[in-house]
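Grab a pencil and work through these exercises with the model open beside you. Each one sets a task and then walks through the solution.

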Amino acid sequence: MKLLVTIVQDQDSTKLTEALVAKGYRSTKLASTGGFLRAGSTTLLIGVQDGQVDDVMEIVREVCQTREKLVMPVSHGEALGGYATLPVKVLVGGAVVFVLNVDQFFQVTRPPQED
């Protein structure tokens, strides 16, 4: 069994979880913070059998494509009254996926107690 720790931009997370569910995969969504461009990110924990990793990775590749974005870089000089800079095109999107081996998996459930 494998655990895919998948970090994506917030704007891709809903579409990715919907695509995963459509193919029968479940995930746990965690809010996270990215360092690049101070953009919000989402971390999905996806548990799959060893043979399903390639299928999930294909879904991630289809949904989480990179795209260009214009950003205004903030320089220390600007903050101190220096000159403003021009927008810069940067690539955003995509995904970072860590594939981890899982030694054991337990799903703990307990039926409701009757009064």
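Strands are DSSP runs of E of at least two residues, helices are DSSP runs of H or I of at least four residues, and both are numbered from the N terminus. This is a predicted model, where local features need pLDDT of at least 70 and side-chain atom pairs count only at pLDDT 80 or more, while totals for chains, interfaces and linings use all residues. Residues are numbered from 1 along each chain as its sequence is written, and side-chain values use heavy atoms, with hydrogens and water left out.

**Exercise 1. Work out which strand supplies the largest share of the lining of the largest pocket.**

Step 1: pin down the term. A pocket, on a 1 Å grid over the protein atoms alone, is an open set of points with protein on both sides within 12 Å along at least five of seven lines, and lining residues have an atom within 4 Å of a point.

Step 2: look at the middle. Of the 15 lining residues, M1, R26, I46, G47 and F105 are the closest to the centre of the largest pocket.

Step 3: check the strands. β1 and β3 each give at least two residues to the lining, and β3 has the largest share with 4 residues.

**Exercise 2. Lay out the order of the open sheet and find its edges.**

Step 1: write down the order. The 4 strands run β2-β3-β1-β6 with antiparallel pairing (two strands pair if DSSP finds at least two bridges between them).

Step 2: find the edges. β2 (28-33) and β6 (95-101) each have a single partner strand, so one side of each has no neighbour in the sheet.

Step 3: zoom in on one pair. β1 (residues 2-9) and β6 are joined antiparallel over 7 bridges; in β6, N101 is the bridge partner of K2.

**Exercise 3. Describe how α1 packs against α2.**

Step 1: get the geometry. Helix α1 (residues 10-22) and helix α2 (residues 53-63) pack at about 145 degrees with axes 10 Å apart (axes are lines fitted to C-alpha atoms, for helices over the stretch in contact, and angles run from 0 to 180 degrees between N-to-C directions).

Step 2: list who touches whom. From α1 come D12, K15, L16, A19 and L20, which meet V56, I59, V60 and V63 of α2 (contact means heavy atoms within 4.5 Å).

Step 3: place α2 on the sheet. α2 lies across β1, β3 and β6, running at about 5 degrees to β1.

Technical notes
1 Å grid on protein atoms, 1.4 Å probe; cavity = no way out; pocket = protein on both sides within 12 Å on 5 of 7 lines; lining within 4 Å.
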